[in-house]
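Me: Please take a close look at the region between the two domains of this structure, and at what is placed there. I would like one connected account rather than a list.

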Amino acid sequence: MTHLAPAPSPSVRVRAPGKLNLSLRVGPVDDDGYHPLVTVFQAVTLCEEVTATEVPEGAGISVTVTGPQADQVPLDDTNLAWRAAEALARHVGTDADVGLHLAKGVPVAGGMAGGSADAAATLVACDALWGTALPRDDLADLAAGLGADVPFALLGHTAIGTGRGHLLTPAMSRGEFHWALAVRDEGLPTPAVYRRFDELTHGQDRAVEPADDTALMQALRAGDPTALGLALHNDLQDAALDLRPDLARTVEIARHGGALGVVVSGSGPSVAALARSRQHALAIAATWTAESAADSVWCTTGPAAGARAL
Ligand SMILES: C[C@@](CO)(OP(=O)(O)O)[C@H](O)COP(=O)(O)OP(=O)(O)OC[C@H]1O[C@@H](n2ccc(N)nc2=O)[C@H](O)[C@@H]1O
Ligand SMILES: Nc1ncnc2c1ncn2[C@@H]1O[C@H](COP(=O)(O)OP(=O)(O)O)[C@@H](O)[C@H]1O
């Protein structure tokens, strides 16, 4: 008698990128408690992988997580991947039954939007698994409802974000940029950084305009890392450094190591140093390690593609 192994449950694996804010300009807080932004996103090859697996009808949603900071990620309905599956199921009128496994490659609460990447990947994965085949625009609308950084994780590459960062215009970028990343085990909560920003700027009325980033856009179009390094900018950096003063040393070490530019990514605490080459990125990362200026270091490149099935 031959024993046939049970057929594995169908599953779909999707990769979505982490992001850096090459520029982040923050306006005064609106009545809804959010700050208007003009930001230039770049997706990087440091990424999340989400596997969506079919489960029996009525089983609901479950989430498992692997990765160095997995213990910091919620496994319940506050997880952005869970919320993405729920939102898609509601939109298409199907039952939300799926097993989600998140292999996290992006630092948690690191200002690199790993949770948003999980949400974007989950939308794409569940859309394929459930056969709902939504147009990309519908997925983008669902993404915007889940969080301001989620639409960019879907789109990838390089884009200008306005509104809360969710209104995207793709931007041209030539070539490949090399980054060294200094990552901390303990993240910085985004709301605390925006609050500190308000305190430091005393709610000054500073309107933000995409025109402020003309030099940066030219550097991207030309594929010129030296010019890009000079144009990196983050209005939240002072607030992040104020909350985590030890980050100043991390920035300084990269500058000493000849980085073309150094910037805190988004609300931090990850620090990104733009390097001349992969070898140079490795050298900056090695110096951070030798000087104990990071809990872990990574080298990555950008731009990278948005959420896509593997
Ligand atoms: C700072 C940025 C830059 O890309 O990314 P991260 O560094 O977190 O990855 C984003 O603005 C993060 O946006 P997002 O991650 O969607 O923020 P949410 O969790 O929705 O917001 C948490 C809280 O931060 C504050 N907040 C957020 C976004 C914004 N434009 N203005 C704000 O004031 C609000 O108090 C909000 O309640
Ligand atoms: N799938 C997820 N991955 C990581 N964090 C998540 C996820 N879903 C919800 N969270 C919560 O969101 C917080 C920050 O998310 P994350 O995207 O990693 O960082 P950031 O907002 O700094 O880019 C985490 O501290 C965690 O509590």
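**Between the two domains**

Reply: α5 gives the most to the shell around ligand 1, with three residues. This is a predicted model, and what follows should be read with that in mind. The elements that give two or more residues to the shell around ligand 1 are α5 (190-201), β1 (11-26) and β2 (37-53). Of the 20 residues around this ligand, those that come nearest are His 35, Gly 111, Ala 148, Gly 266 and Ser 267, and by class the shell divides into eight nonpolar, ten polar and two charged residues. Domain 1 (11-171) and domain 2 (177-302) both give residues to the shell around ligand 1, so ligand 1 lies between them.

The shell around ligand 2 can be described in the same terms. Both domain 1 (11-171) and domain 2 (177-302) give residues to the shell around ligand 2, so ligand 2 also lies between the domains. Here 22 residues are around the ligand, and Leu 80, Ala 109, Gly 114, Gly 115 and Asp 118 come nearest. Two elements, α1 (80-92) and α2 (114-129), give two or more residues to the shell around ligand 2, and the largest share, four residues, comes from α2. In this shell nine residues are nonpolar, twelve are polar and one is charged.

The division that frames both ligands places residues 11-171 of the protein chain in domain 1 and residues 177-302 in domain 2, with the C-alpha centres of the two domains 23 Å apart. The contact between them takes 31 residues from domain 1 and 39 residues from domain 2. On the side of domain 1 that touches domain 2, β1, β2 and β5 (158-162) each supply at least two residues, and β2 gives the largest share, eight residues. This side of domain 1 has 19 nonpolar, eleven polar and one charged residues.

Strand β2 includes Leu 37, which serves as a local example. Leu 37 has 22 other C-beta atoms within 10 Å, and it is therefore buried, given that 20 or more are required. Leaving aside its neighbours within four places in sequence, Leu 37 is in contact with Leu 24, Arg 25, Val 26, Gly 161, Thr 162, Arg 164, Gly 165 and Val 208. By contrast, Leu 37 and Gly 60, which are 23 residues apart in sequence, are 36 Å apart in space, C-alpha to C-alpha.

The nonpolar interior can be followed in a similar way. The largest nonpolar core holds 102 residues, of which Ala 81, Leu 100, Ala 120, Leu 123, Trp 179, Ala 180 and Ala 273 touch the most other members. The largest share of this core, ten residues, comes from β2. Because domain 1 (11-171) and domain 2 (177-302) both give residues to this core, it lies between them. Ala 273, with its neighbours within four places in sequence left aside, is in contact with Trp 179, Ala 180, Ala 254, Ala 259, Val 262 and Ile 284.

As for the chain that surrounds this region, it has ten helices and twelve strands, and buried residues make up 51% of its 310 residues. Of the contacts in the protein chain with a separation of 6 or more, 76% are accounted for by residues 24 or more positions apart. The radius of gyration of the protein chain, 20 Å, agrees with the value near 19 Å that a compact globule of 310 residues would have.

Technical notes: Residues numbered from 1 in each chain as written. Chains lettered and ligands numbered in written order. Predicted model: local features only at pLDDT ≥ 70, side-chain atom pairs only at ≥ 80, totals over all residues. Near = placed C-beta within 6 Å. Nonpolar A, V, L, I, M, F, W, Y, C, P; charged D, E, K, R; others polar. Domains from an automatic or database assignment. Core = buried A, V, L, I, M, F, W, Y, C linked by C-beta atoms within 7 Å. Buried ≥ 20, exposed ≤ 12 C-beta atoms within 10 Å, placed from the backbone. Contact = placed C-beta atoms within 7 Å. Rg over C-alpha atoms; globule rule 2.2 N^0.38 Å.
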